[in-house]
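Open the model in your viewer and set it to cartoon. Keep a selection box ready. The tour goes strand by strand, then moves to a helix.

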Amino acid sequence: MAPNPQNRISFRPGSSTKSFWHPSLEVSLYACTYVYSHEEARNAIFTSYQRHINGFAAHLEESQAAEIAKHPRVVSVFLDRARELHTTHSWDFLLLEKDGVIHHSSLWSRARLGENSIIANLDTGVWSESRSFNDEGYGPIPSRWKGACENHANDGFTCNKKLIGARYFCDGYIQAGGVVNASKRSPCDYHGHGSHTLSTAGGNFVPGASILGFGNGTAKGGSPRARVAAYKVCWPDLKNPKNPTYFDSDILNGFDMAVHDGVDVISVSLGNPQPVDYFQDGISIGAFHAVKKGVVVVCSAGNSGPDAGTVSNFSPWIITVGASKMDREFASFVQLGNGKTFQGMSLSKPMPEFRLYPFISAVQAKATNASVTDALLCKLGTLDPRKVEGKIIACLRGETARVDKGLACLQAGAAGMILCNDYADRNSLSADVHYLPATQVAYEDGVEIFDYIKSTKRTRPAPLMASFSSVGPNTITPEILKPDITAPGVNVIAAYSEAANPTMVESDKRRSPYMIMSGTSMSCPHVSGVVGLLKTLHPDWSPAAIRSAIMTSARTRDNSFHPMEDSSHFEATPFEYGAGHIQPNRAMDPGLVYDLTFSDYLNFLCDIGYNQILFKQFQNGAYACPESTNLYDLNYPSIAVPKLSGSLTLTRTVKNVGRPGTYVARVRQPSTASISVEPMTLKFEKIGEERSFQVTLKAKAVGEPRGYAFGSLTWSDGHHYVRSPIVVAAAT
């Protein structure tokens, strides 16, 4: 990177791409001339960040990048990698409304539906013609807005008083070998993911929204009266065009411009598939500079669960969101010849008539030239039409897309399909728009169905953690608990692109203005929408205060008052849900907040070993790391101690944002440690008053169970309950 710690390089071997941070293009040239002539440097740089992120992206050989990285004024140099995307009843489930009625005490009512907050979305663009982005009834665009509506494709894309801005960034993608034709150089969404996520965060109330006639209802976003802006940073994957991808250089451009344009919230349903250091990751870097300017950044935790240590977007300046299920399902039913009935999930049409159909396993329908494994997975071309005709086929989930399995059955002449989950997906069900009558069932039901070929499960309370939602601990800095929060992310209905079909299969000619999707991509904008409401209601709250309000007011019990469960119906932990499931109405009045300043984040980086000289440049002024700081003292709303040996004392500070009162501490003890708090009582007489306290953790005797254990600290004045999760593991 170039001079400031806002300078970075990203590159690819051979035709490497680099990005440096700099206050001007001249600084970028200066950094590049460390290995190039001035003219060569100009030709090597293909994009530069000149607003809030100091840096640029350029072509460098590995040896040149390594040489530049040695420069004392360069913060980081990293490969410009391709990254991944992470997908309306949910607002009723979150109690912002009840059966379409908004109570006067609801956050929606108190925050005027997020009126005039500005929510940005970095994604695949936006379908501007969607009713979710219609500007009927909106007043003038806020005067603080400095954005634009870019469109060089002459494709009819327009902005309005609702969708107030849209831009696109593709330099990094093109340098990597991607092709963006002149007709596609616009923020128009040709995939659907970006329209879905943006409308979930800030879409209008749209009555009669459905997917090909299913799931009919009123679609709406978390901040329905917010203004929204789309920053297209995702383009068709170079190997699999059906899957969008993005490059760090483009995401940095998106962050830089969004902050310049004047947004309040940046929603990012994207992520790095592998954990990397904070300043080797474009999202982490971009979010760092956004938070410095007071912009709240919300990111998805990733879809690599349920394995431990898979959570992404774990920087402490980001709100990281896991995904959970709601209490609504798109149920479909299977009745076997022995009278047993199983509940599954689907958005496909029903069977043409209610009767028993011939039912076989896909293995029994195997084509001569197909393997047993491929046939069981119902891969295209593996089923024999003579064996399939008129029958219902039982297929196993895995390897290929769920809807592709239905297509394989349809092409072979099947009357319907039952898609049985494999063990890895267990109870994670998705309501898909299949080509033929179909349903998807959970793993145990699938086992029984396959046994029937050679008990109906009870509906579980909600919320329930989704099996795909990525799980902690944070593998880079385990002292920071991630994810922070969970929100609805399964079977979410929201706007879609009418340039895309529902299944992403080329032969599918159907179009739907609304679509059902699942993923932490969908849970992330739920939190972004709530942040928009809180920005409207509390414009003076910092990004850290907003995160604290959301986390400390969350719940860890489901609607049957039992502990939340994971997808296997075991008790879930903070590594899956963070502080718990979001409760918007409680977040607007949390009582106390754990606040952080930008200097606190710099101190955090000092604590994990970052160079003090770089921070002076990063701060654009003199900043020296404190002589003594403690990583555990970062004023985060959760406590994580990965290697407790003996005892540890850490400090937290809370700020009163509510009425005067006296708060008393209550600790739920983890099994591996004893915890004490001093003082046990905090008294507040006015808003803005701060009080500090210490938490001491003592490891229990040898012989106690090892591994992580979980507890909590709650401060309460009888009205507010300010709860922080605690995770602790004894040193081995």
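Select Leu592 and Asn656: Leu592 stands opposite Asn656 in S30. This is a predicted model, so treat each stop as a computed feature of that prediction.

Widen the selection to the two strands. S28 covers 592-593, and S30 covers residues 647-656. They pair in the antiparallel sense over 2 bridges.

Next, add S34, residues 690-699. S30 and S34 are antiparallel partners, with 9 bridges between them. To find the register, pick Leu650: facing Leu650 is Val695 in S34.

Now cross S34 to S32, residues 673-678. S32 and S34 run antiparallel and are joined by 6 bridges. Show Ile675 here; its opposite residue is Leu697 in S34.

Select these strands together. What is the order of the 4 strands in the open sheet? Reading across, it is S28-S30-S34-S32, with antiparallel pairing. The edge strands are S28 and S32, and each pairs on one side only. Strands of a sheet pair through backbone hydrogen bonds, so switch on backbone atoms to inspect the contacts.

Leave the sheet and go to helix H6, residues 171-175. Select Gly172, which has its place in this helix. Is Gly172 buried or exposed? Gly172 is buried, because its relative accessible area is 0% and the cut-off for buried is under 20%.

Last stop: add Val233 and draw a C-alpha to C-alpha distance from Gly172. The two are 61 residues apart in sequence, and the distance in space is 9.4 Å.

Note on methods
Residues numbered from 1 in each chain as written. Predicted model: local features only at pLDDT ≥ 70, side-chain atom pairs only at ≥ 80, totals over all residues. Heavy atoms only, no water. Pairing = 2+ DSSP bridges. Buried < 20%, exposed > 50% of the residue type's maximum accessible area, 1.4 Å probe, protein only.
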